[in-house]
Amino acid sequence: MAKQKINIGLIGSGFMGRAHSFAWSNVSKFMDTDFEPVLKVMTYGSKKEAAEEFAEKWGWEELAKDWKEIVARDDIDIIDIVTPTYLHKEIAIAAAKAGKHIYCEKPCAISYADCLEMEKAVTEAGVVHYLNHNYRRVPAIEFAKKLIEEGKIGRIYHWRGAYLQDWILDPNFPLTWQFRKDMAGGGPLYDLGSHSVDLARYLVGEVKTVMAKNYTFTPERPLPGKEAVVFRAGSNNATETGKVEVDDASFMVVEFENGALGSFDVTRMAGGRKNYNHFEIYGSKGCLSWNFESMNELRFLNLEDPAGEQGYRTISATLGGHGQAGVWWGPGHVIGYENTFIHAAADFLKAVKDGSVITPNFTDGAKIIRVLEAAARSSEENRQVLVSEIA
Ligand SMILES: NC(=O)c1ccc[n+]([C@@H]2O[C@H](COP(=O)([O-])OP(=O)(O)OC[C@H]3O[C@@H](n4cnc5c(N)ncnc54)[C@H](O)[C@@H]3O)[C@@H](O)[C@H]2O)c1
């Protein structure tokens, strides 16, 4: 039976624009969805030629100059926000007021106050809102969550999170929007730390206190060349430099509300680490360890095994029962980054169909940014900060 069509409006067409276009194009082919997404219209802004090429490649039917034109259209059901972070709030609030369901990239916004405004708008409008912390939808993570819920880890004592990259090691890497506080909110603290805090909240619980140290190793960078984008310096003939307004690295020590103790280590200056999103969880009955760079593998230690037989086993999370892995190719047939976007799109379409709540959403986004704002304050004031201090 033909699936019901649902029209998407895409705002932005950079790195995440590609990932989301891939997901909308493929979700109904692989997953059991009620809807078939139609890649209806996308923005072109000041880069019409590049947008035309993008639209043709990915199958977007139409182009609109300004995102406001897309939000105002009656035939658009879903607004997909893949712009720099500072724009999420304005677009999301306008989309909610227009009654659109919202699929938005992380981090939620550049401040806790902005996140709360977004949350209020979507709650009042009664629309489905999703915040794309896509790592939750890695099958190994979904399985880790199951093990925790089944009590196999017992009481959690420790979370050790690290999210390490190295793409700004070159001091001549230009000052793209990711280095501007007014556009990104923070450096890796916001960009990578938001993902890591999302996983920690999902697997361990809410954070109560934060002690943090943020650091900027390269305080000035050349202004960006025309083609500069994330991970790529682009053509950069600029002689002028600008001030880096965000952290290059951040360490956090946290207490969770449930009594667990945690640490987060996030940086874009860790040589050789490309997308090293890693955690260890130490509990009373078992322990877990995972790293996105081998995303299909979950390492599990069962402390209830006989002492002489204990050791970390590596579970290939590629079987049915390992989260959404079962819809793919088969045991041991590994999947990748792009699949997490398809999983998220499928869950989002289900929430739209059922009128149900999907997580993480703007409520989660606000809680995450609250922790990160507490970290920023802690570093500035050189003291431990209660997350509840952030209003
Ligand atoms: N989930 C993930 O794994 C992940 C990875 C990278 C980035 N992100 C997030 O995705 C968002 C976008 O990041 P990116 O890496 O795709 O950035 P990017 O710089 O590659 O792309 C941003 C896009 O937004 C467009 N844009 C800028 N201003 C606009 C405006 N006023 N109207 C319409 N479009 C506008 C740009 O032209 C560009 O196409 C950010 O919030 C970022 O934190 C998430």
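Tutor: Domain bounds come from an automatic or database domain assignment. This is a predicted model, in which local features need pLDDT of at least 70, side-chain atom pairs count only at pLDDT 80 or more, and totals for chains, interfaces and linings use all residues. Residues are numbered from 1 along each chain as its sequence is written, and side-chain values use heavy atoms, leaving out hydrogens and water.

Student: From which domains does the shell around the ligand draw at least three residues each?

Tutor: A residue is near the ligand if one of its heavy atoms lies within 4 Å. There are 23 residues around the ligand, and Ser13, Met16, Lys106, Trp177 and Tyr337 come nearest. At least three shell residues come from each of domain 1 (4–135) and domain 2 (136–356 + 369–381).

Student: Which residue has a polar side-chain atom 3.0 Å from a nitrogen atom of the ligand?

Tutor: Polar contacts are pairs of N or O atoms within 3.5 Å. Ligand oxygen atoms face the backbone: one is 3.1 Å from a polar backbone atom of glycine 14, and one is 3.4 Å from a backbone N or O atom of threonine 83. The side-chain contact to a ligand nitrogen belongs to asparagine 134.

Student: What share of the ligand's area does the protein bury?

Tutor: Accessible areas come from the Shrake-Rupley method with a 1.4 Å probe. Taken alone, the ligand exposes 850 Å². Of that area, the protein buries 81%.

Student: In what order do the 6 strands of the open sheet lie?

Tutor: Strands are DSSP runs (E, at least two residues) numbered from the N terminus, and two pair if DSSP finds at least two bridges between them. Strand 5 (residues 101–105) and strand 6 run parallel, joined by 4 bridges. The pairing in the sheet is parallel, and the order is 3-2-1-4-5-6.

Notes
Polar contact = N/O pair within 3.5 Å; in protein donor to acceptor, adjacent residues only side chain to side chain.
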